[in-house]
Amino acid sequence: MGFLSELPPGKMIEKRIMARRIAVVNDAGKIYAIESDCKHMKASLSTGRVADGMVTCRWHSWKYDLSTGVCVTNEGFTLKTYRTEVVEGVIYVLL
Ligand code: FES
């Protein structure tokens with residue numbers, strides 16, 4: 001789905017996979033994949049900020065845990081997360 005060399009630490013890219021918008025994230029070398037539509041007003045999280053295992057929405061700063069998808073700033077909202085694998089420099093998102 002993409003090359004690790006194109007996703008440096010601290011960066012995100014958005015991919016459409018089977019009609020889903022998914023943000024693929026490199027947080028300090030760990031690769032995550034998370035639903036990209038913010039639960040607040042559906043802004044793309046791939047335009048937000050990533051740090052310390054969290055992604056923060058650019059619009060109104062809702063923050064989500066990249067491992068669990070749980071929104072840590074507003075209770076009761078969770079994004080779907082996906083397993084990832086990197087094989088020979090290629091990132092795979094497991095749906
Ligand atoms: S749209 Fe993401 S916090 Fe408002």
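Let's start at one end of a sheet: strand E1 and strand E9 (residues 90-94) run antiparallel and are joined by 2 bridges. Look for Gly2, whose bridge partner in E9 is Ile91. Keep in mind as you explore that this is a predicted model.

**The sheet**

Now zoom out from that pair. E1 and E9 belong to an open sheet of 6 strands, and the order across it is E1-E9-E8-E4-E3-E2. The pairing in this sheet is antiparallel. Which strands stand at the edges? They are E1 (2-3) and E2 (12-17), and because each has a single partner strand, one side of each is left without a neighbour in the sheet.

At the E2 edge, E2 pairs with E3 in the antiparallel sense, over 6 bridges. One spot to find here is Ile17, which stands opposite Arg20 in E3. The two strands form a hairpin with 2 residues between them. Met18 sits in the turn, and its phi is positive, at about 50°.

The two strand pairs described so far can be set side by side:

| Strand pair | Bridges | Facing residues |
|---|---|---|
| E1 and E9 | 2 bridges | Gly2 and Ile91 |
| E2 and E3 | 6 bridges | Ile17 and Arg20 |

**The core**

Next, look at the nonpolar residues. The largest nonpolar core has 18 residues, and those with the most contacts inside it are Ala23, Val24, Val25, Ile34 and Val55. Strand E3 (20-27) and strand E4 (30-35) each supply at least two residues of this core. Which strand gives the core its largest share? That is E3, with 4 residues.

Ala23 is a good residue to click on. Setting aside neighbours within four places in sequence, Ala23 is in contact with Met12, Glu14, Ile34, Ser36, Leu45, Ser46 and Val55. Two of these names, Ile34 and Val55, also appear among the core residues with the most contacts.

**The whole chain**

Finally, step back to the full protein chain. How many helices and strands does it have? There are 0 helices and 9 strands, so the elements read β-β-β-β-β-β-β-β-β from the N terminus on. 

Along its principal axes, the C-alpha trace spans about 40 × 25 × 20 Å. A compact globule of 95 residues would have a radius of gyration near 12 Å, and the chain's 12 Å agrees with that. Buried residues make up 23% of the 95 residues. Among contacts between residues at least 6 apart in sequence, 33% join residues at least 24 apart.

How values were computed. Residues numbered from 1 in each chain as written. Predicted model: local features only at pLDDT ≥ 70, side-chain atom pairs only at ≥ 80, totals over all residues. Core = buried A, V, L, I, M, F, W, Y, C linked by C-beta atoms within 7 Å. Buried ≥ 20, exposed ≤ 12 C-beta atoms within 10 Å, placed from the backbone. Contact = placed C-beta atoms within 7 Å. Pairing = 2+ DSSP bridges. Rg over C-alpha atoms; globule rule 2.2 N^0.38 Å.
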